[in-house]
Amino acid sequence: MSAGFAERVFQAARDHKWFNVDCESHVKVAFQGWKKFSYSGPEGQGVCTFNYSKNKEIQALGDSLMSVVGTILTGARLEMLLQHDPLGLDSEMEYLVQAVRDGRAQQICVIRGILVRLEEDPGVMDRVRKRARVLLAGAEK
């Protein structure tokens, strides 16, 4: 992940007592799945589990980390498609570009390897290579 993103995660951990707080809102909202932050290090330790948090920073961090998970899963799909269904890469890359635009995919740098391979592979469609190039240009270093 990018250094800036990692710093944001650790800053949130510091700001929230190393996640040694109750971050669940206890408000009736749609179940979105449990998220669990935990930290254990020389500064302290803690665990924070929530479906929805009233704390905007905690909720935003949870959303961001879920977007990173989506990016990693998309990278795995790209790997599979490259090997088994190269024609399927076009729609997956179109989805990924849109997901980056609307925030459903973050930290594209975590799938840099497959994007470089797609960009450099003359065996895949030009549109796929161009989309990979665009995503790499905008990827966090």
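**Five helices, two strands: a walk through the model**

Let's start with one residue, Thr 71. At 0% relative accessibility, Thr 71 counts as buried. This is a predicted model, so keep that in mind throughout. Thr 71 sits in helix H2. What does Thr 71 touch, not counting residues up to four places away in sequence? The list is Ala 105, Gln 106, Gln 107, Ile 108, Val 110 and Ile 111.

Now step back to the whole chain. There are five helices and two strands. Read along the sequence, the pattern goes α-β-β-α-α-α-α. The C-alpha atoms fill a box of roughly 50 × 35 × 25 Å, taken along the principal axes. The chain has 141 residues, and 38% of them count as buried. Take the contacts between residues at least 6 apart in sequence. Of these, 59% join residues at least 24 apart. The accessible surface comes to about 8300 Å². Carbon and sulfur atoms account for 55% of that surface.

Next, helix H3. It runs over residues 89–102. H3 has 14 residues. From its first C-alpha to its last it reaches 20 Å, close to the 20 Å expected at 1.5 Å a residue. Which residues of H3 are buried? They are Leu 89, Asp 90, Glu 92, Met 93, Leu 96, Val 97 and Ala 99. Note the two acidic names on that list, Asp 90 and Glu 92. What do the buried residues of H3 pack against? Three helices: H2, which spans 56–84, plus H4 and H5. After H3 comes Gly 103, and its phi is positive, near 90°.

Pick out Ala 99 in H3. Is Ala 99 buried or exposed? Buried, because its relative accessible area is 1%, and the cut-off for buried is under 20%. Leave aside its neighbours within four places in sequence. Ala 99 is then in contact with Arg 104 and Ala 105. Ala 105 also appeared in the list for Thr 71.

On to helix H5, residues 126–138. H5 has 13 residues and reaches 19 Å from its first C-alpha to its last. That is close to the 18 Å expected at 1.5 Å a residue. Its buried residues are Val 128, Ala 132, Leu 135 and Leu 136. Where do they fall, seen down the axis of H5? Within an arc of 100°, so they line one face of the helix. Here is the general rule behind such a pattern. An α-helix has 3.6 residues a turn, so residues three or four places apart point the same way.

What is on the face of H5 turned away from its buried side? Exposed residues: Lys 130, Val 134, Ala 137 and Gly 138. The buried residues of H5 pack against helix H3 and helix H4, which covers 112–120. One distance to check on screen: Ala 99 to Ala 132. Their C-alpha atoms are separated by 14 Å, and the two residues are 33 apart along the chain.

Last stop, the surface. Met 1, Ile 72 and Val 110 make a nonpolar patch of about 270 Å². Met 1 lies in the segment before helix H1, which runs 3–15. Met 1 is exposed, because its relative accessible area is 55% and the cut-off for exposed is over 50%. Val 110 is a name you have met already: it is one of the residues that Thr 71 touches.

To recap, we began at buried Thr 71. We end at exposed Met 1.

Definitions and conventions. Residues numbered from 1 in each chain as written. Predicted model: local features only at pLDDT ≥ 70, side-chain atom pairs only at ≥ 80, totals over all residues. Heavy atoms only, no water. Patch = residues over 30% accessible without salt bridge, like charges linked within 9 Å, V, L, I, M, F, W, Y side chains within 5 Å. Areas by Shrake-Rupley, 256 points an atom, 1.4 Å probe, with all protein chains shown as cover. Salt bridge = Lys/Arg side-chain N within 4 Å of Asp/Glu carboxyl O. Helix = DSSP H or I, 4+ residues; strand = E, 2+ residues; numbered from the N terminus. Buried < 20%, exposed > 50% of the residue type's maximum accessible area, 1.4 Å probe, protein only. Expected span 1.5 Å × (residues − 1). Arc of directions from axis to C-beta. Contact = heavy atoms within 4.5 Å.
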